[in-house]
Amino acid sequence: MKDQQPINAQDILEKYDKENQFRSNIGKWAWVVTFLGVALTVFHLYTAYFGTLPTQKQGAVHVGTALGVIFLLYPLKRDLLKTQKKIPWYDIVLAFTAMYVTYHKIIFFDSILQSRISGYSIPDIIISVLGILLVLEATRRTVGLPIVIVALVAILYAIFGNFVPTQILSHPGFSLERTATALWYKESGIFGTPVQISAKFIFLFLFFGVMLVQTNVGKFFNDLAFSLTGRYTGGTAKTAVVASALQGTISGSSVGNTVATGSFTIPMMKKAGFKPEFAGATEAAASTGGQIMPPMMGAAAFIMMEILGVSYGTIMMAAIIPAILYFTGIFIGTHFEAKKLKILGLPKSQLHSFRKTMKRNWYMLLPLFVITGTIIYGFTPQRAALFGIVAAFLVSLIRKETRMSFKQTINVLEQGTRVALPVIAAVATAGVIAGIVSMTGLGSKFAAGVIALSNGYLILALIFTMIACIVLGMGLPTTANYVVTATIAAPVLINEFGVAPIAAHMFVFYFGIVADITPPVCLAAYAGAGIAGANPFKTGMNAVKLAIAAFIVPFIFIYNPILVMVDVEPVMLIISVTASLVGMVAVSSSMIGYFIRYSKVWERFILFVAGLMLIVPEILSSVLGLVLILGIWFIQKRRTDDELGIEGPRSSQALY
């Protein structure tokens with residue numbers, strides 16, 4: 001394992017992840033960035049303990065400070081990263097202008113509230129227009145152009161809706177003044193629910209992840225995963241799955257998780273005998289699942305909590321079974337691929353002892369237990385995150401190598417703001433889209449369109465919604481994608497088709513996430529391919545095969561929401577989970593083309609159908625599915641010839 005060639009992770013991140021395309025050399029302005037970054041993190045820690053400000057003020061500090069840092073860190077174009085030696089004057093002007101127009105909401109808070117009745121002044125209108133434009137530009141720099149285009153189209157629709165020829169979409173149209181002031185000053189726009197949740201919860205959970213990184217928990221997760229799975233068939237690939245699932249507790253980024261874990265696991269998978277496309281796909285699929293893995297899911301989960309009006313513990317419980325099925329599918333897929341290629345595991349002599357690993361580093365899990373326990377006990381996510389941060393800080397003091405000096409503490413506080421910048425920009429722009437939907441009644445018009453297209457059939461409505469989520473996910477980050485689809489699509493499923501609310505929201509949440517591994521635009525798969533030196537499209541297709549559960553399970557829990565803990569009966573739940581796990585084995589086998597022997601085309605088809613029958617939580621279909629799987633097992637058991645003629649098992653021992 002010591003012979004791994006180093007992967008330039010930062011280059012991969014800069015290439016495939018817009019969030020990492022920031023200036024590294026900013027000269028004297030580094031002090032300003034540090035001050036603003038530390039100040040914003042301290043502000044959130046302070047308000048988490050002593051109580052948040054009124055939502056508009058809390059959101060103004062949150063967004064305004066972030067905008068200032070964004071314009072100082074992120075250049076106008078990516079190409080300027082290599083050529084600019086200092087921050088240009090126009091970015092400095094934009095940074096301080098962005099902070100002023102946002103802090104203006106705090107300075108003139110009372111008069112702005114009064115203006116909602118008496119009317120906004122010309123300076124108020126100018127500031128609102130400037131604020132919106134600066135938010136969109138900051139989002140373009142940190143997240144990318146697609147979400148900005150969607151927001152601009154929404155704004156144009158709000159203003160010129162009366163010119164839209166389609167009868168379904170047209171509306172009277174609003175003036176520029178009304179549109180801008182509504183988006184900037186009212187709770188349904190930029191400073192609406194997404195920014196409020198970001199300012200209260202998401203920032204703290206992101207900072208908790210930064211604190212966990214300080215404790216070297218990532219290396220511990222890798223060691224733990226190797227000790228658990230490394231010696232089994234295809235152990236290197238299984239290690240990637242387990243490590244990425246664990247890393248998902250500290251990373252909300254599919255690309256970031258792919259690079260962080262993949263730099264270590266992908267070279268090992270390739271040396272063990274897995275094809276580069278499969279190695280990159282395994283890491284990408286598993287890393288993408290980090291956003292649906294409790295206890296710390298993606299940022300969108302916190303917004304879901306607020307929209308549904310439930311506790312975060314409820315969201316976690318709803319996510320558990322789908323997450324288990326998701327990772328089971330990937331894990332089993334790597335097993336069948338390893339069996340097909342006859343790749344064995346690593347010898348025990350080259351693996352860390354699980355007992356020794358846990359004995360030395362068990363304490364690193366304490367912050368996760370603290371944050372999970374406090375949420376289950378009933379504390380707010382804000383207070384739970386604060387307790388988790390304190391626990392992570394105390395854990396960092398145990399070892400000399402993780403103990404922070406004053407300088408390191410300042411750096412960690414600054415990193416807390418840096419990791420939050422893309423999320424803050426994304427949710428602010430998502431607020432623009434949500435605000436327009438609220439102003440124009442676009443949601444009801446979208447509902448009418450979906451009903452007309454689906455002709456009242458739920459399955460067609462689900463397919464259309466899935467396509468919309470995946471297409472939006474190709475350009476929008478997961479959080480913004482969820483805000484848009486939760487505002488427009490989820491209410492259609494709930495109000496028009498009677499779908500359980502949490503099932504509808506988990507449906508759009510899932511398909512927004514899997515866009516990261518769905519070709520043609522699949523950034524997590526591209527990052528995995530970059531590390532593996534593989535074809536990006538083939539890597540994406542392999543990732544889809546491995547993550548097939550993410551494309552099946554959401555349809556199942558729509559029709560029977562027991563999988564998201566709705567109307568749960570203990571006995572039926574146990575049967576459903578057991579049957580679903582067996583079903584995922586069959587589905588994964590079908591996708592890979594191997595069961596206990598190489599599967600013929602008709603055998604793969606039967607395994608796929610049988611797997612679906614088991615995943616559908618009904619006794620009759622589950623029994624029939626099990627009979628079909630056993631039938632294929634007996635047929636393949638009698639087959640003695642290896643049809644593809646691959647010789648002998650490949651032991652990984654000689655590779656290290």
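Student: How many salt bridges does a search of the whole structure find?

Tutor: That search finds 5 salt bridges. Keep in mind that this is a predicted model, where local features need pLDDT of at least 70, side-chain atom pairs count only at pLDDT 80 or more, and totals for chains, interfaces and linings use all residues. Residues are numbered from 1 along each chain as its sequence is written, and side-chain values use heavy atoms, with hydrogens and water left out.

Student: Why is the pair arginine 141 and aspartate 91 called a salt bridge?

Tutor: The term asks for a side-chain nitrogen of Lys or Arg within 4 Å of a carboxyl oxygen of Asp or Glu. Here the closest N and O atoms are 2.9 Å apart, so the pair fits the definition.

Student: What makes this pair tie together parts that are 50 residues apart in sequence?

Tutor: Arginine 141 lies in helix H7 (residues 122-142), while aspartate 91 belongs to helix H5 (residues 89-107). Helices are DSSP runs of H or I with at least four residues, numbered from the N terminus.

Student: How do you know whether glutamate 137 is buried or exposed?

Tutor: Buried means under 20% relative accessible area, exposed over 50%, and partly exposed in between (1.4 Å probe, protein chains only). Glutamate 137 has 19% relative accessibility, so it counts as buried. Arginine 141 and aspartate 91 are buried too.

Student: Which salt bridges does glutamate 137 form?

Tutor: Glutamate 137 meets arginine 140 at 2.8 Å, N to O, and arginine 141 at 2.7 Å. Salt bridges that share partners join Asp91, Glu137, Arg140 and Arg141 into one network.

Terms used
Helix = DSSP H or I, 4+ residues; strand = E, 2+ residues; numbered from the N terminus.
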